[in-house]
Amino acid sequence: MDAMQIGLLTGNRTIDLEHQELFAALNAARAICLNSQSSLASCANCDAARHQHCEQTLVDVLGRVLGFVLDHFKTEESIMRDSLLLMIDRELCQVHMEDHAGISAMVERMVRELDSTQTVSLVRELDQLLMRWIAQHIATHDVALVNWIEREDSVLRSGI
């Protein structure tokens with residue numbers, strides 16, 4: 001676990017374990033294309049075998065991320081309901097769930113718009129999305145959710 005991952009631990013075992021999958025997806029996305037971190041705008045200079053490898057790996061990573069997104073957000077939203085946070089602070093939960101919907105929509109759009117000539121730009125876009133998610137969503141929304149369920153009088157305290 002690197003310093004960034006340690007700094008984003010929420011303290012909730014279930015949520016933190018699921019976030020490990022997100023970090024793995026970020027690492028996999030960054031490893032897809034040798035050109036993704038360079039200034040190249042396309043796959044034009046890659047040979048066919050390399051291009052096919054990058055494209056297939058991107059499809060696999062996007063599939064993993066989409067599956068993760070759907071499962072993880074379902075888990076968090078169940079926690080919001082089960083912990084009664086949704087009843088106590090509906091506005092906080094709405095903002096959190098709207099962020100879930102926005103992230104989901106972006107991943108779904110990437111899957112729909114897969115274009116073999118745009119692998120490099122899709123890898124960059126996926127990297128930016130995952131970094132935003134890590135830097136903003138976990139640090140604000142998920143930490144607030146865990147603080148709620150770990151309070152002294154919580155029915156879910158240390159149970160999730």
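**Cavities and charged pairs in an all-helical model**

Met80, Leu85, Leu92, Cys93, His96, His141, Ala144 and Leu145 line the largest cavity of this predicted model. The volume of this cavity is about 40 Å³. Two helices, H5 (90-112) and H6 (119-149), each contribute at least two residues to its lining. By class, the lining of the largest cavity comprises 6 nonpolar and 2 polar residues, with no charged residue. One of the lining residues, Cys93, has a relative accessibility of 1% and therefore counts as buried, the limit being under 20%.

The search of the whole structure returned 2 cavities of 30 Å³ or more. The second largest cavity holds about 30 Å³ of space. Its lining is made up of Glu55, Leu58, Leu114, Asp115, Ser116, Thr119 and Leu122. Helix H3 (48-82) and helix H6 are the elements that give two or more residues to this lining. The lining of the second largest cavity divides into 3 nonpolar, 2 polar and 2 charged residues. Charged residues are thus present in the lining of the second largest cavity, whereas the lining of the largest cavity has none. Helix H6 supplies at least two residues to the lining of the largest cavity and two or more to that of the second largest.

These cavities are set in a protein whose secondary structure consists of 6 helices and 0 strands. From the N terminus on, the order of elements is α-α-α-α-α-α. Of the 160 residues in the protein, 41% are buried.

The loop between H3 and helix H4 (85-88) contains Leu84. The phi angle of Leu84 is near 70 degrees, a positive value in a residue other than glycine. Leu84 has a relative accessible area of 41% and is partly exposed, because this value falls between the 20% and 50% limits.

Charged side chains were examined next. In the whole structure, 3 salt bridges were found. One of them joins Asp99 and Arg132, with the closest N and O atoms 3.3 Å apart. Asp99 belongs to helix H5 and Arg132 to helix H6, and the pair links distant parts of the chain, 33 residues apart. The two partners fall into separate accessibility classes: Asp99, at 16% relative accessibility, counts as buried, while Arg132, with a relative accessible area of 25%, is partly exposed. The assignment follows from the cut-off, because buried means under 20% relative accessible area.

Arg109 takes part in a salt bridge with Glu125, at an N to O distance of 1.9 Å. Since Arg109 lies in helix H5 and Glu125 in helix H6, this pair ties together parts that are 16 residues apart in sequence. Arg109 also forms a salt bridge with Glu113, in which the closest N and O atoms are 3.0 Å apart. Arg109, Glu113 and Glu125 are accordingly linked in a network of salt bridges. Each member of the network is partly exposed: Arg109 has a relative accessible area of 24%, Glu125 a relative accessibility of 26%, and Glu113 a relative accessibility of 44%. Helices H5 and H6 are therefore tied by the Arg109 and Glu125 pair, and the Asp99 and Arg132 pair also has one partner in each of these helices.

A further polar interaction involves His19, a residue of helix H2 (residues 13-32). The side chain of His19 is joined to that of Asp142 by a polar contact of 2.8 Å. With a relative accessibility of 1%, His19 counts as buried, because the value is under 20%.

Cysteine pairing was also examined. The search of the whole structure gave 0 disulfides. In this model, therefore, no pair of cysteine sulfur atoms lies within 2.5 Å. Cys54 counts as buried at 2% relative accessibility, and Cys93, at 1%, is likewise buried. Cys93 is also among the residues that line the largest cavity.

Key:
Residues are numbered from 1 along each chain as its sequence is written. This is a predicted model: local features need pLDDT of at least 70, side-chain atom pairs count only at pLDDT 80 or more; totals for chains, interfaces and linings use all residues. Side-chain values use heavy atoms; hydrogens and water are left out. On a 1 Å grid over the protein atoms alone, a cavity is a set of points where a 1.4 Å probe fits but cannot get out, and a pocket is an open set with protein on both sides within 12 Å along at least five of seven lines; lining residues have an atom within 4 Å of a point. Grid points are joined across faces, edges and corners, and a volume is the space filled by probe spheres set on the points. Helices (H or I, at least four residues) and strands (E, at least two) are DSSP runs, numbered from the N terminus. Ala, Val, Leu, Ile, Met, Phe, Trp, Tyr, Cys and Pro count as nonpolar, Asp, Glu, Lys and Arg as charged, and the others, Gly among them, as polar. Buried means under 20% relative accessible area, exposed over 50%, partly exposed in between (1.4 Å probe, protein chains only). A salt bridge is a side-chain nitrogen of Lys or Arg within 4 Å of a carboxyl oxygen of Asp or Glu. A polar contact is a pair of N or O atoms within 3.5 Å; within protein, one must be able to donate a hydrogen and the other to accept it, and residues adjacent in sequence count only if both atoms are side-chain atoms.
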